[in-house]
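Let's take a walk through this one together, chain by chain and contact by contact. Keep the viewer open and turn things around as you read.

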Amino acid sequence: MRDNPVLRVVTKIAIPLILLFALYVQFHGDYGPGGGFQAGVIFAAAFILYALVFGTRAARTVVPPAVLRTVTALGLILFAGVGTVSQLLGSQFLDYDALADNPLHGQHIGIFLVELGVGITVAAVMITLFLAFAGRQDEP
Amino acid sequence: MILNQLPALQVTLPLIAAPLCLLLRSGRAAWLLCVTVSTIALGIALLLLDEALEKGLIVYDFGGWAAPWGIEYRVDVVNAFVLMIVSGISTSVLLFARISAASEIDDDRQSLFYTAWLLCLTGLLGMAITGDAFNLFVFLEISSLSSYVLIAMGPDRRALTASYQYLIMGTIGATFILIAVGLLYLVTGTLNMADLAGRIPDLADNRTLRAAFAFLTVGMGLKLALFPLHLWLPNAYTYAPSAVTAFLAATATKVAVYALARFMFSVFGTAFAFDSMPLQLILVVLGTAAVLSGSTIAIFQHNVKRMLAYSSVAQIGYLMLGLSLATAAGLTATLVHLFNHALMKGGLFLAVGCMAYRLGTTRLADLAGIGFRMPWTTAAFVIGGLSLIGLPLTAGFISKWVLVQAVLENGWWPLVVVIVVGALLAVIYIWRIVETAYFRTVSEGRDDFVEAPLALLLPTWLLIGANIYFGIHTDLSLNVARLAADFLTGG
Amino acid sequence: MNALGLYNYWIVIFLMMTGFYVVIASGNLVKKIIGLNLFQASVFILYISAGKVSGGSAPILREGIESYSNPLPHVLILTAIVVGVATTALGLALVVRIREAYGTAEEDEIHRQDESL
């Protein structure tokens, strides 16, 4: 599909908008509907669109599988790390109150970091899944 | 301070180790991390068991949210006992896995293998420790999904179809459990097991509740391979990598049995499960059918792993017979057999793993004359087999003895006949292997193999030795099982 | 309450049985996964429809609203959907590997090949 100029141009315009919307859903999740799961999937959709139009080989140079694997792990570590930090601060696992002096502030930081971890992992896993299935033919 | 955090660490430690393991490139480092974490998990389980024996109940509220709203972990003697079995088996099998898995799995997949292992361990430990019905479903799926991956890594292409079959049946089972949890929530408005237990007695005639119980029993029956629902098990155990077979055979079905017992006795209560619902009849009939058919089919198998897999179906039958009695004695028999069967099947599958490592096959015909070439491996297998039959001075005898006593306490003597016939059938299938190993000569062109390396023999003998140890000293197994059974039926 | 008043349950049961039938009756491995998906989706609907409170608004705190729908089933089902996605992905990955190993995704053909070994 990379020979079709209409698709290429539209894709190039759409991808930044999709990424921006994903970030909005991610960070506005504290106040309105949204959150890590949805944002992660939308974020991944931008990369999947890129892979559909420009091919999986091009997508793989943008996000190499080794990077995806690392990012998947890091998201999960961020999530579990927040829980462990609250344990180290003498509270229960994932008790956000312990993360700051003020419980409200602590909850805010906790939710923000946990949702970020979820978003990162979901996005990386979604892209990995797509590339794993779509790229199967290219492999020897 | 760290003691208060133990219930959470039991699950979060392997959970955090899993992504770290994914980051490691070298299989050796991943293995080291996996063994370390599993050993620490065993230590935590032992500390928890000790604390539970002292205090009775340890409660941990996640995120600081109090019980009916938040997820709570409740550790009592029962699940601390199960936690000990799971983490103990995982640690001893992992010691075996380094060489065994390296021979069966590509180098670049080693760290993925250990990541899946850690996730499976997380799921199984989580299922045992949680006090929340929905949380139990989530951990069940974590352990199931990772066990499909582990099975699919087997060297034969049939591992893929076995894993696929298990995935379909396992997902149907898990979805049944999800329906059950949903119906429970619709009727009672709570997901906390202790809270559910308090609300169910008022609703004994509720039809939705009965449907929930039926869905739960069938769903758990699929996961624990209760007879007619066991079809996924033989293939999955036969084609999985040796270490995975030993790990799953000794833990996965056991945790599902625990979860079923937990729902039957402490969430729904004996009165609901056995008086309002015809569970007793179903469990007796299916348990008997499992013992007889599983043992009989095992006799006709040509693959040792498959033979042991059918033997597992039979052993699950014994566990169900113990549950069906609905008494503290019957539950004691089930729990002590849970422990002893984990030791037997763990040891036996590791011994078969040693043979597979040297011979590259587990077909019975290829094991001819192995008794003289691999004396230690074969001796381990024979002792494990004797324990499976239930010979005195082995752990298997203790289970059978306690079960027979419990059955006689209820006056159900026909079941004693079933248990004895099951043991006699076990003599036949174990004898077939003994005969092949000691009374046949090594087949032509197959005389190039020697005894398995020490690194494989040591973990095998660790579990086989435990079979003898717990056949003589029953302090840990029988007494704790008795306390746990009293706790479940009384509290 | 008449039978149609509980229409959400009828939909759930219909979807569940359709999915279950496809899992059992279909010989194609991909179709089995689709059936499994349908089966799971019916349970998602069971949960979500149960969370609706008549006249209740979206569970976001606002002034002037007193009745909210129950958000807990949605949260639970979000988890179950993620599990469902993981199951589907793993199932399809297995089908891809099976097809590469056997050259087919039909159950009968795979059985035939295994028996001839």
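**Starting with chain C**

Follow chain C along its sequence and the pattern you get is α-α-α-α. In other words, its secondary structure amounts to four helices and zero strands. Keep in mind as you look that this is a predicted model.

How does the overall form of chain C compare with a compact globule of 117 residues? Such a globule would have a radius of gyration near 13 Å, whereas chain C comes out at 20 Å. The spans of its C-alpha trace along the principal axes are about 70 × 35 × 15 Å. As for burial, 24% of the 117 residues of chain C count as buried. If you take the contacts within chain C between residues at least 6 apart in sequence, 43% of them join residues at least 24 apart.

For a closer look, pick out Ala89(C), which sits in helix H3 of chain C. Is Ala89(C) buried or exposed, or something in between? It has 19 C-beta neighbours inside 10 Å, and a residue needs 20 or more to be buried, so Ala89(C) counts as partly exposed. You can also use Ala89(C) as a marker along the chain: Arg99(C) is ten residues away, and the C-alpha atoms of the two are separated by 15 Å.

**Across to chain B**

Now bring chain B into view. Here 22 residues of chain B are in contact with 24 residues of chain C. On the chain B side, the elements giving two or more residues are H5 and H6 of chain B. H6(B) supplies the largest share, with 14 residues. Sorted by class, this side of chain B has 14 nonpolar, five polar and three charged residues.

So what does H6(B) pack against in chain C? Its partner here is helix H3 of chain C, residues 72–102, with the axes 9 Å apart and an angle of about 160° between them. Angles over 145 degrees count as roughly antiparallel, and that is why H6(B) is roughly antiparallel to H3(C). The crossing of H6(B) past H3(C) is left-handed.

If you want to show the side chains, H6(B) brings Leu160(B), Thr161(B), Ser163(B), Tyr164(B), Leu167(B), Thr171(B) and Leu178(B). They meet Ala80(C), Thr87(C), Leu90(C), Gly91(C), Leu94(C), Arg97(C), Ile98(C) and Ala101(C) of H3(C). By class, that contact of H6(B) with H3(C) has nine nonpolar, five polar and one charged residues.

**Inside chain B**

Next, find helix H9 of chain B, residues 232–239. How many of its residues are buried? Eight of its eight residues are, so to speak, under cover: Trp232(B), Leu233(B), Pro234(B), Asn235(B), Ala236(B), Tyr237(B), Thr238(B) and Tyr239(B). What covers them includes H5 (133–152), H6 (158–188), H10 (242–267) and H13 of chain B.

Just ahead of that helix, in the loop between H8 (207–223) and H9 of chain B, is Pro228(B). Its phi is positive, about 30°, although it is not a glycine. Most residues other than glycine have a negative phi. Pro228(B) counts as exposed because it has 12 C-beta neighbours inside 10 Å.

H13(B), one of the helices covering H9(B), has a partner of its own. H13(B) (residues 304–324) and H14(B) (residues 328–359) pack with their axes 9 Å apart at an angle of about 170°. That makes the two roughly antiparallel. Among the residues making the contact are Leu308(B), Gln315(B) and Tyr318(B) from H13(B), with Leu338(B), His341(B) and Phe349(B) from H14(B). By class, the contact divides into eleven nonpolar, seven polar and two charged residues.

In the loop between H13 and H14 of chain B you'll find Ala326(B). Phi of Ala326(B) is near 60°, again a positive value in a residue other than glycine. Is Ala326(B) buried or exposed? It has 20 other C-beta atoms within 10 Å, so Ala326(B) is buried.

**And chain A**

Last stop: 17 residues of chain A are in contact with 15 residues of chain B. The chain A side of that contact divides into six nonpolar, eight polar and three charged residues.

Methods
Residues numbered from 1 in each chain as written. Chains lettered and ligands numbered in written order. Predicted model: local features only at pLDDT ≥ 70, side-chain atom pairs only at ≥ 80, totals over all residues. Axes fitted to C-alpha atoms, helices over the stretch in contact; angles between N-to-C directions. Parallel < 35°, antiparallel > 145°, perpendicular 65-115°, else oblique. Contact = placed C-beta atoms within 7 Å. Nonpolar A, V, L, I, M, F, W, Y, C, P; charged D, E, K, R; others polar. Rg over C-alpha atoms; globule rule 2.2 N^0.38 Å. Left-handed = near helix turned anticlockwise from the far one by under 90°.
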